[in-house]
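Below are some notes on the model, for checking against the coordinates. They cover a pocket, ring contacts and backbone geometry.

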Amino acid sequence: MAEVAQGGAPGVAGGRNAGAEGLLSGNGTGGRGRDADCAPERIWAMLNPVESEAVVNALRRWQCSFGFKSRRVHNATILDPYVRLILDRCLPSTVERALCSEPLDALLNAVIAVRTAVIDESLLRWAHSDGVLQLINVASGFDTRAWRLRWPARMRVFEIDSATVHAQKSAALGDIDTSCARAALVGGVFNLADVLRRAVAVGYDPSRPALWLVEDVVEYMLPAHTSQLFAAMADHCAPGSRLVASLSDVKLRDLLRRYGHTTHLVEEFEPPGIVLNRICAAGWHAEVILSGQLEDRFDVDLHNCLYLVHGTRL
């Protein structure tokens with residue numbers, strides 16, 4: 001199945017803003033009253049471990065935007081009303097309360113807040129200033145950037161993930177206009193080359209530069225698969241393409257385990273510097289933004305757990 005959903009951008013950005021206000025007025029309860037077949041408990045039970053982690057990431061993004069304003073990180077303003085609809089559909093209230101009371105709650109919120117802010121800034125700069133008008137979001141999960149960011153006219157966003165993720169995301173957000181043309185493709189990191197070949201049928205042009213987003217993906221992959229992922233990306237885009245990827249230090253995995261957090265990160269978790277070398281060897285000129293640099297900019301303690309990579313296709 002090459003395409004799950006494809007949406008066009010609204011005529012003006014104001015239509016999107018009006019939708020955001022409508023979502024906020026619902027106080028985040030819209031999904032709780034659905035029938036038993038669509039109850040959050042049932043949908044949560046359907047998700048595999050990686051898909052459920054994507055829902056948890058969505059919760060963290062809600063917490064650092066509307067859910068817990070007092071926890072906003074300095075200079076990391078995120079406004080994501082759309083993610084509440086996903087949470088209302090997919091996340092049981094009992095699970096949400098438990099996640100919000102975890103010992104690492106504040107750290108994980110800070111990581112998500114900084115990560116989201118820097119990625120948003122990078123993608124919008126490359127799209128608006130450099131005129132790169134196609135974005136491939138690898139393992140997109142419950143990302144809402146197609147809805148909440150102000151993209152240039154003619155922007156195309158291609159989201160790649162499982163059929164289950166796309167189906168639940170469509171059920172939660174499918175009636176809301178995106179700020180870009182959006183195509184949802186079924187696939188994953190292990191068959192990316194095949195997915196990208198099929199993406200041409202829904203508008204992806206590999207002869208033109210593209211933006212690539214690899215957010216919270218590498219930590220779930222074996223080292224050799226990481227090299228294959230970035231090589232497949234380089235093979236299916238033009239020189240001048242840009243990428244932004246998030247990386248974590250092994251310290252994050254150890255912290256999660258210490259506090260009893262279920263984690264599906266691979267044992268062969270590599271330091272960011274080694275992953276950076278893999279990205280460069282795959283055909284990218286790349287540099288890493290160190291955790292300390294992010295901590296200084298956003299005035300927050302990330303415990304050296306977050307690194308971000310910017311890259312350009314050679």
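1. Which residues lie nearest the centre of the largest pocket? In this predicted model, they are Val-50, Ala-139, Gly-141, Asp-161 and Asp-216, out of 32 residues that line the pocket. The space in the largest pocket is about 610 Å³.

2. Several elements contribute to that lining. Those giving two or more residues are helix 3 (49–67), helix 6 (105–128), helix 7 (145–148) and strand 3 (156–161). Helix 3 supplies the largest share, with seven residues.

3. On the chemistry of the lining of the largest pocket, the split by class is 13 nonpolar, nine polar and ten charged residues. Anyone setting up this site may want the central residues at hand as well; Asp-161 and Asp-216 are among those nearest the centre.

4. On aromatic contacts, the count comes to one aromatic pair. The partners are Phe-158 and Tyr-204, with ring centres 5.7 Å apart and planes at 75°. Planes over 60 degrees apart count as edge-to-face, so this pair is edge-to-face.

5. Where do the two partners sit in the chain? Phe-158 belongs to strand 3, while Tyr-204 is in the loop between helix 9 (192–199) and strand 5 (211–214). The pair therefore ties together parts that are 46 residues apart in sequence.

6. Are the two rings' residues buried or exposed? The cut-off for buried is under 20% relative accessible area. Phe-158 has 2% relative accessibility and so counts as buried. Tyr-204, at 3%, also counts as buried.

7. A charge over a ring also appears in the model. The charged end of Arg-84 sits over the ring of Trp-62, at 5.2 Å from the ring's centre.

8. On the backbone, two residues deserve a line each. His-303 is not a glycine, yet has a positive phi of about 55°. Asn-304 is likewise not a glycine and has a positive phi of about 60°.

9. Where are these two residues placed? His-303 is in the loop between helix 13 (291–298) and strand 8 (306–313), and Asn-304 is found in the loop between helix 13 and strand 8 as well. Partly exposed covers the range between 20% and 50% relative accessible area. His-303, with a relative accessible area of 35%, is therefore partly exposed. Asn-304 has 34% and so is partly exposed too.

Notes. Residues numbered from 1 in each chain as written. Predicted model: local features only at pLDDT ≥ 70, side-chain atom pairs only at ≥ 80, totals over all residues. Heavy atoms only, no water. 1 Å grid on protein atoms, 1.4 Å probe; cavity = no way out; pocket = protein on both sides within 12 Å on 5 of 7 lines; lining within 4 Å. Points joined across faces, edges and corners; volume = space filled by probe spheres on them. Helix = DSSP H or I, 4+ residues; strand = E, 2+ residues; numbered from the N terminus. Nonpolar A, V, L, I, M, F, W, Y, C, P; charged D, E, K, R; others polar. Phe/Tyr/Trp six-rings, centres within 6.5 Å; stacked < 30°, edge-to-face > 60°. Buried < 20%, exposed > 50% of the residue type's maximum accessible area, 1.4 Å probe, protein only. Lys NZ or Arg CZ within 6 Å of the ring centre and 35° of its normal.
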